[in-house]
Amino acid sequence: MNHPIDQATGQVTDQASSQASSQKQADEIRQNVRESYSQVAEASNEGNSCGTGSSCCGVSDDAAINALVSTRLGYSKDDLENVPEGADMGLGCGNPRAIASIRSGETILDLGSGGGFDCFLAATETGESGQVIGIDMTPTMISKARDNAVKGKYDHVEFRLGEIEHMPVANDTVDVIISNCVINLSPDKKQVFSEAFRVLKAGGRLAISDVVASMELPDEIRDDLALYSGCMAGASQISELQTILEECGFEKINIAPKDESKDFIKDWAPGRGVEEYVLSATIEAVKPGGCCGASCC
Ligand SMILES: C[S@@+](CC[C@H](N)C(=O)[O-])C[C@H]1O[C@@H](n2cnc3c(N)ncnc32)[C@H](O)[C@@H]1O
């Protein structure tokens with residue numbers, strides 16, 4: 001990267017050096033998140049409970065526990081039975097497919113696809129005439145999801161290694177972006193939503209479950225890296241997300257926090273009181289320019 005140089009002093013400018021330091025900080029956060037989810041994927045491959053400390057990680061060697069976690073998030077018994085064993089890692093904070101209204105033949109993109117759980121459920125709805133792409137930056141998660149796709153014979157689902165801030169996806173190619181408990185983990189949410197806008201077709205939609213903050217987080221939560229990887233400390237306030245989505249060009253924005261989610265969020269970091277500050281929400285928005293419904297297509 002070229003840093004602007006002050007012509008008089010020959011030094012890197014203050015603005016450039018503060019940009020470089022915030023990029024370094026963002027990279028450290030991403031590295032920490034990647035290591036945490038690598039451990040989660042490895043622990044689940046070995047059939048161990050997750051050992052990452054405070055976390056939204058619900059991965060367990062007991063499928064019944066993961067099923068209980070996912071049922072609390074709104075998945076049905078059928079959802080749980082119709083995906084390859086091990087795809088449901090109990091890592092979500094909602095059920096984005098429930099708000100996605102996926103149609104046959106559509107192209108779906110899942111940001112931070114983990115073991116592929118939501119991708120496989122979406123693939124049943126798109127049918128083989130559609131396509132589902134999962135992106136994840138953790139190599140062990142991608143391998144796990146690819147193994148699951150082979151086990152379940154999902155020919156129209158693919159998993160791509162990459163960061164959601166730099167999506168390995170072409171412009172204007174996606175009908176629906178889903179994501180479950182991932183964008184809070186990004187140190188650059190504006191870049192994520194700007195990329196989402198780029199890859200969506202005109203009229204394409206966001207159907208996201210994520211953790212949001214209902215008020216400013218105190219420093220002891222905000223600065224705790226384990227709480228960051230555990231999907232709590234990186235949560236943005238609803239008003240901030242609304243502004244980012246508007247600035248990226250989205251319309252029909254609807255961010256709906258779920259008060260009842262405090263019941264499970266309090267178990268993510270017992271005794272820390274995080275449920276007073278963060279909760280699960282659905283985030284919906286549309287990229288303008290699509291057709292307005294069946295009658296005008
Ligand atoms: C809490 S887990 C959720 C997994 C999955 N969505 C689910 O519900 O089971 C977060 C996932 O997002 C991935 N992830 C986190 N930050 C990411 C980023 N900046 N780019 C791509 N993947 C990311 C992690 O590797 C991990 O697999």
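## Strands, helices and a ligand shell

Let's start in the sheet: strand E4 and strand E5 (residues 200–213) run parallel, joined by 6 bridges. The chain gets from E4 to E5 through helix H7 (residues 189–199), and this β-α-β crossover is right-handed. Right-handed here means that, with the strands pointing away from the viewer, the path from the first strand over the helix to the second runs clockwise. This is a predicted model, in which local features need pLDDT of at least 70 and side-chain atom pairs count only at pLDDT 80 or more, while totals for chains, interfaces and linings use all residues. Residues are numbered from 1 along each chain as its sequence is written.

A few terms before going on. Helices (H or I, at least four residues) and strands (E, at least two) are DSSP runs, numbered from the N terminus. Two strands pair if DSSP finds at least two bridges between them. A residue is buried if 20 or more other C-beta atoms lie within 10 Å of its own, exposed if 12 or fewer, and partly exposed in between, with C-beta atoms placed from the backbone.

Back to E4 (residues 174–180): 7 of its 7 residues are buried. E4 also pairs with strand E1 (residues 107–111), in the parallel sense over 4 bridges. Asn 180 sits opposite Ser 209 in E5, and Ile 108 is opposite Val 176 in E4.

Just past that strand, Cys 181 is in the loop between E4 and H7. Two residues have a positive phi without being glycine, and here they are side by side.

| Residue | Element | Phi | C-beta neighbours within 10 Å |
|---|---|---|---|
| Cys 181 | loop between E4 and H7 | about 65 degrees | 21, buried |
| Lys 252 | strand E6 (residues 251–257) | about 50 degrees | 12, exposed |

Now for the ligand. Of the 26 residues around it, Gly 92, Gly 112, Gly 114, Thr 138 and Asn 180 come nearest (a residue is near if its C-beta atom, placed from the backbone, lies within 6 Å). H1, helix H5 (117–126) and strand E2 (131–136) each give two or more residues to this shell, and H1 gives the largest share, 3 residues. By type, the shell has 14 nonpolar, 7 polar and 5 charged residues. Ala, Val, Leu, Ile, Met, Phe, Trp, Tyr, Cys and Pro count as nonpolar, Asp, Glu, Lys and Arg as charged, and the others, Gly among them, as polar.

H5 is largely enclosed by the rest of the structure, because 8 of its 10 residues are buried. Among them are Phe 117, Asp 118, Cys 119 and Thr 126. The cover over these buried residues includes helix H3 (77–81), helix H4 (97–100), E1, E2, strand E3 (157–161) and E4. Right after H5 comes Gly 127, with a positive phi near 70 degrees.

As for H1 (residues 14–45), its 32 residues reach 46 Å from first C-alpha to last, close to the 46 Å expected at 1.5 Å a residue. The expected span is 1.5 Å times one less than the number of residues. The buried residues of H1, including Val 33, Tyr 37 and Ser 44, pack against helix H6 (139–151) and helix H9 (225–229).

One last stop: Ala 281, in strand E7 (residues 278–286). Ala 281 is buried, with 23 other C-beta atoms within 10 Å. Leaving aside neighbours within four places in sequence, Ala 281 is in contact with Asp 210, Val 212, Ile 255, Ala 256, Pro 257 and Lys 258 (contact means C-beta atoms, placed from the backbone, within 7 Å).

Conventions. Contact = placed C-beta atoms within 7 Å.
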